[in-house]
Amino acid sequence: MPAQQFKTWILPLRVEELQGEDLAGVRLVAPSNFHRQWLRDRYLRRIEELGEEYFGGIPTIEVGLAPAGGPRRAASPPPSMASAAPAATAAAPAAMPAPAAPAPVARPVMPEAPVSIEAANYDKSRLNPDFTFDTLVTGRANDLARAAALQVAQNPGVSYNPLFIYGGVGLGKTHLIHALGNYVFKHDPRKVIRYVHAEDYYADVVRAYQQKSFDVFKRYYRSLDVLIIDDIQFFNNKNRTQEEFFHAFNALTEAKKQIIITSDTYPKDVQGLEDRLISRFDWGLTVQIEPPELEMRVAILKKKAEVERIQLDDDVAFLIAKNLRSNVRELEGALKKVLAFARFHGREVTLEVAKEALKDLLNAHNRQLTAEFIQKTVADYYKIKVADMHSKKRTRVIARPRQVAMFLAKDLTPMSLPAIGEAFGGRDHTTVLHACRTIAELRLSDTQLNHDLHVLTQVLRG
Ligand SMILES: Nc1ncnc2c1ncn2[C@@H]1O[C@H](COP(=O)(O)OP(=O)(O)OP(=O)(O)O)[C@@H](O)[C@H]1O
């Protein structure tokens, strides 16, 4: 890794050695919560791999937090299993509380940090402490999803199981499910919660395969009280992973343990997922998160600034919110850009500064909406190829989005019918007219289509 990164993220860590009867490992003590989270997100997996090589087996790697100067306690025993390394020679499932005695000896290499069982439990959950219900802005786009998540958080395993949350990229699904997990933990720190990205779950399956340790893998995932699995669309055609998840799902729901799933689309539309899984997702509740409207985007920006302890004027928030519409992550990115620009130049965060910082972005936005952009947005939305916008294919899955794109081109640009026909693979203007009429009529009876048009218009126009 680059020296600078090493200096920033690795060198400040305190290392403690853990030794048990049949497992070894280390605890890395980070100087701050932020540092700890960063380490977990970016480097932990790599450190685990290196540890595996170094120890010649699977070590336990814990990430702890340095005390703010409080009294020192003995370090807690190592967890029976490193959360990202299910192939560890776990003696007990992770849900069991770590034994009080005889505890494996914790031999500090450096001074000890107090890590309680709860803290270790939280560590293993991989939850992000910054993503809470308090920091989540609510609006029409997510109020149903938030209410459902809160209800589940208050009664895990009881109300809706599974809770399935879907929505486009960067709309706050991950934030919401971490908030749910954090809420459960806050009210009952004994609950064993695990947030796992679908790709990491897949990696765990591969690892269990390679090390012939499916027993440990199964025991671990089935011992959880709350399993939160993010971006399940990554299971696409990964059959063994789906099979393992299917069994874990059954075991957990039978035991009234809570499962929370997110995806970028409605369960039935997730590509390459087995029917038996999709049908199980219907058992609980499925809720959507939509792109936030302007007022909510402004509120999100203000909230983010508040977290950074920065006073953000309405006109600056409005400028950013007006120009970034579909994705909260991009919205945040633009805010960061403005703040960094102001800091770098030693200036206040004014409208002028914001305009300067976002010059490129604003120029791009002020360009007229084009047919190409509409085609791309609609194709992405319906997950078809942009080339299909021009093709002669007439199957419904392609023809309908194409008609939607023509309708939006007519609605949102000054283009004439022949010009639109031209942009859609040289079609006749009567075809465009027919498409516009069909969509205008259909949206009155087809609520899904009406919804699609609403979302697409918002994304395209704001
Ligand atoms: N309603 C909201 N209030 C506050 N912050 C939000 C809200 N929605 C999204 N965000 C922020 O936007 C960023 C992206 O959100 P998040 O990662 O949760 O999106 P996602 O839907 O999980 O995306 P992906 O599809 O890429 O997994 C996060 O920093 C999150 O805190």
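Which residues of α5 are buried? In this predicted model, they are Lys 173, His 175, Leu 176, Ile 177, His 178, Ala 179, Leu 180, Gly 181, Asn 182, Val 184 and Phe 185. Since 11 of the 15 residues of α5 are buried, the helix is largely enclosed by the rest of the structure. Helix α5 covers residues 173-187 and reaches 22 Å from its first C-alpha to its last, close to the 21 Å expected at 1.5 Å a residue.

Let's look next at the start of this helix. An unreviewed UniProt entry places the feature "binding site" at Gly 170, Gly 172, Lys 173 and Thr 174. Here are two of those positions side by side:

| Residue | Place | C-beta atoms within 10 Å | Class |
|---|---|---|---|
| Gly 172 | loop between β5 (163-167) and α5 | 23 other C-beta atoms | buried |
| Thr 174 | helix α5 | 19 C-beta neighbours | partly exposed |

The cut-off for a buried residue is 20 or more other C-beta atoms within 10 Å, so Gly 172 with 23 counts as buried, while Thr 174 with 19 counts as partly exposed. Leaving aside residues up to four places away in sequence, Gly 172 touches Leu 136, Asn 142, Ile 289 and Val 328.

Now for the nonpolar cores. The largest has 75 residues, and those touching the most other members are Ala 149, Ile 165, Leu 180, Leu 301, Ile 320, Leu 331 and Val 338. Domain 2 (143-289) and domain 3 (294-366) each give this core at least three residues. Apart from it lies another core of 18 residues, including Ile 374, Met 415, Val 432 and Leu 456.

Notes:
Residues numbered from 1 in each chain as written. Predicted model: local features only at pLDDT ≥ 70, side-chain atom pairs only at ≥ 80, totals over all residues. Core = buried A, V, L, I, M, F, W, Y, C linked by C-beta atoms within 7 Å. Buried ≥ 20, exposed ≤ 12 C-beta atoms within 10 Å, placed from the backbone. Domains from an automatic or database assignment. Helix = DSSP H or I, 4+ residues; strand = E, 2+ residues; numbered from the N terminus. Expected span 1.5 Å × (residues − 1). UniProt positions renumbered as here; feature names shortened; annotations may be inferred. Contact = placed C-beta atoms within 7 Å.
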